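User: I would like to learn how to read a few features of a structure. Please take them one at a time.

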Amino acid sequence: MITPKKRVMTALNNGFTDKVPFTVYENMIPQCETERDLRNRGLCIVKRLPSYTIHHPNVEVKTYGYLDENKRNVVRTVYTTPYGQLHKLTQEGINTTWTLEHLFKTPDDYKSLLFYIEDSVVVPEYERVQTQVSRLGEDFVVRDQIILEPMQALISDYMGPETFSYEWADNQDEILKLIKSLSKLAMEVSAVVADGPLEFANFGGNVVPQIVGVDNFKKYYVPVYNEAAEMLHKKNKLIGCHFDADNTLIMDAISDTALDYIEAYDAGISPSVSVARKAWPDKILWLNWPSAWHLGTTKDVYNNTLGLIKEAAPGNGFIIGITEDVPEELWQKNYVAIMDGIDAAGTFT
């Protein structure tokens, strides 16, 4: 009998399975009777577990939790470098962390941020990861994670999109220094991941093409994907990216990458599954079952699942996943309807 893990890994290696694999992130399916039934029917849980940690030995880090003026429980993290302090304010949400203040706030922070990045030390933690894999068994796949793409790290983590956009216009030379340092760090992480125990890894993700633009994507994203892919491929590892936005602008550019799979692809906002399959005939398509479609009826969910699978024909190299939050009152019946559709469809060849 094929296990959920084997079904996913077969699809990731572009093979045919008895039915389309169905996956869900570990934090998006509570333990309950429905969860157990779905696992018995072949649902595979995706555990995201980096095979390393990153330390900053020359940066002092302190955190303070408190109730802010809006009565929110927040955490302020202070990073002290030889060039000054950086401050970050966050709030825990459901399955996420909201960044209320980014590390970088003004051009005065460039030296401190560059020092923080250059002070990064990547430490492999292979034994910890391997222990987790052995304990989880065949109902899980465990995915490694390379840090965000250099430009994406500035947009998502360090600056935020608005500040980044102003700085890109006003202080591009300083931005490029950060990108160069982050590129070096990303390759150090990629080398550790390549030597690690896990079979596949995402590189960055959450790219918003409408912010980055096609030219910048080609110049600052594609080359780092390809450099990392070369490292992983030499060790027989697979590499992909979490492209969950509207990818219309960069469909052709993605085809020029050496990425093996495209993960979290949402055909409700990006081009259809059939278009994506034609655009990327050599890449595995790992969907996020379209988030907006969860608001339809159970019959809609079932029929939409059949439609996605038909569009993906032939059925090799295709996975349906849940990578975004589903309304609490809908997830049980929707997940069951998706699995019903998968079982009814089998693999279209």
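**Core, pocket and cysteines**

Analyst: Beyond its neighbours within four places in sequence, L12 is in contact with F200, L238, Y261, I284, W286 and I319. The model is a predicted one.

User: Which residues touch the most other members of the largest nonpolar core?

Analyst: A nonpolar core is a set of buried nonpolar residues joined through side-chain atoms within 4.5 Å. Here the largest has 103 residues, and those touching the most other members are L12, Y158, F217, F243, I320 and Y335. Helix α7, residues 172–195, supplies the largest share of this core, 11 residues. There is also a second, separate core of 5 residues, with V129, V133, V142 and L198 among them.

User: How is empty space found, and how much of it lies in the largest pocket?

Analyst: Rolling a probe the size of a water molecule over the atoms shows where empty space is left. In this model the largest pocket holds about 1800 Å³ of space. Its lining is made of 46 residues, of which T96, L148, S156, D157 and N206 are the closest to the centre.

User: Which elements give two or more residues to that lining, and which gives the most?

Analyst: Strands β3 (52–55), β7 (96–101), β9 (140–146) and β10 (200–205) do, together with helices α5 (150–158) and α7. The most comes from α5, with 6 residues.

User: What is the make-up of the lining by class?

Analyst: The lining of the largest pocket divides into 22 nonpolar, 17 polar and 7 charged residues.

User: How many disulfides are there, and why does C44 not form one?

Analyst: A disulfide needs two cysteine sulfur atoms within 2.5 Å. The count here is 0. For C44, the closest cysteine sulfur is in C32, 17 Å away, so the pair is too far apart for a bond.

User: Are C44 and C241 buried or exposed?

Analyst: The test is relative accessible area, and under 20% means buried. C44 has a value of 0%, so C44 is buried. C241 is also at 0% and is therefore buried.

User: Where is I94, and is I94 buried or exposed?

Analyst: I94 sits in the loop between β6 (84–93) and β7. The cut-off for exposed is over 50%. I94 counts as exposed because its relative accessibility is 70%.

User: How far is I94 from R128, in sequence and in space?

Analyst: The two are 34 residues apart in sequence, and their C-alpha atoms are 26 Å apart in space.

Terms used. Residues are numbered from 1 along each chain as its sequence is written. This is a predicted model: local features need pLDDT of at least 70, side-chain atom pairs count only at pLDDT 80 or more; totals for chains, interfaces and linings use all residues. Side-chain values use heavy atoms; hydrogens and water are left out. Buried means under 20% relative accessible area, exposed over 50%, partly exposed in between (1.4 Å probe, protein chains only). Helices (H or I, at least four residues) and strands (E, at least two) are DSSP runs, numbered from the N terminus. Contact means heavy atoms within 4.5 Å. On a 1 Å grid over the protein atoms alone, a cavity is a set of points where a 1.4 Å probe fits but cannot get out, and a pocket is an open set with protein on both sides within 12 Å along at least five of seven lines; lining residues have an atom within 4 Å of a point. Grid points are joined across faces, edges and corners, and a volume is the space filled by probe spheres set on the points. Ala, Val, Leu, Ile, Met, Phe, Trp, Tyr, Cys and Pro count as nonpolar, Asp, Glu, Lys and Arg as charged, and the others, Gly among them, as polar.
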